[in-house]
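Subject: Structure handover

Hello,

Please find the structure below, with notes on what was found in it. I suggest keeping the view open while reading.

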Amino acid sequence: MKTLGILLSTAGLAGVGVLTFAAAAPAQAAEAATCSGARSIASAPMLRDHRPPSWGTVRLVRDSCSQYWAEISMASPVVANAKANAFVVQYGGGNDGRVLSCDSSGGNGSVIAGQRTCRTPKVKGGSGITFAAIGREYHNYGGGYEEISENATKRTR
């Protein structure tokens, strides 16, 4: 009987945890829904050796809640032994100099073989804070990944 009581009370606590978690999820979804209007505010072509043709685009994006992030879109899927990554750089504020990539927590991972795009986590903007997006493309010729192209957007808010 004592064991049954412990099981029931443990199940009750687990149920409370599920209810608490379920209540938090709609609040996050509601916040995401109110931050609409994502638009590219600056972009730059991805060039190898700083010469055309463009192999993709890096963009700085902002939504209606003044959240900023970087996205990279390659013109075609990345081949084996290659990858690409976007970076968002913050200038000003308490996190001056902060750099986040697609591989940072909240991003969706760098572009790998067969993929074309990635995005960084969103960063909250504020008064006097500007951002820039950087795109980098890498290739592994057998000795590890080496950068083969890079470009950046202008700083803006």
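Is the disulfide of C102 and C118 left-handed or right-handed? The torsion about its S-S bond is about 70 degrees, so this disulfide is right-handed. Please keep in mind that the model is a predicted one.

The overall layout

The secondary structure of the protein chain consists of one helix and nine strands. Starting at the N terminus, the order of elements is α-β-β-β-β-β-β-β-β-β. Of the 157 residues in the protein chain, 34% are buried. The protein chain exposes about 9100 Å², and 56% of this comes from carbon and sulfur atoms. If you take the contacts between residues at least 6 apart in sequence, 56% of them join residues at least 24 apart.

The disulfides

A disulfide is a covalent bond between the sulfur atoms of two cysteines. With a cut-off of 2.5 Å between the sulfur atoms, the count here is two disulfides. When the bonded cysteines of the protein chain are numbered in sequence order, they pair as 1-2, 3-4.

One disulfide is formed by C35 and C65, whose sulfur atoms are 2.0 Å apart. C35 sits in the loop between α1 (2-34) and β1 (39-48), while C65 sits in the loop between β2 (51-62) and β3 (67-74), so the pair ties together parts that are 30 residues apart in sequence. The link of C35 and C65 is left-handed, with -95 degrees about the S-S bond. Why does C35 count as buried? Its relative accessibility is 9%, and buried means under 20%.

The other pair is C102 and C118, with sulfur atoms 2.1 Å apart. C102 lies in the loop between β5 (99-101) and β6 (117-119), and C118 lies in strand β6 itself, so this disulfide ties together parts that are 16 residues apart in sequence. Both C102 and C118 are buried.

A glycine in a loop

G92 is found in the loop between β4 (82-91) and β5. Its relative accessible area is 18%, and the cut-off for buried is under 20%, so G92 is buried. Which residues does G92 touch, leaving out those up to four places away in sequence? They are G128 and I129. G92 and T130 are 38 residues apart in sequence, and their C-alpha atoms are 6.7 Å apart in space.

Regards

Note on methods. Residues numbered from 1 in each chain as written. Predicted model: local features only at pLDDT ≥ 70, side-chain atom pairs only at ≥ 80, totals over all residues. Heavy atoms only, no water. Helix = DSSP H or I, 4+ residues; strand = E, 2+ residues; numbered from the N terminus. Buried < 20%, exposed > 50% of the residue type's maximum accessible area, 1.4 Å probe, protein only. Contact = heavy atoms within 4.5 Å. Areas by Shrake-Rupley, 256 points an atom, 1.4 Å probe, with all protein chains shown as cover.
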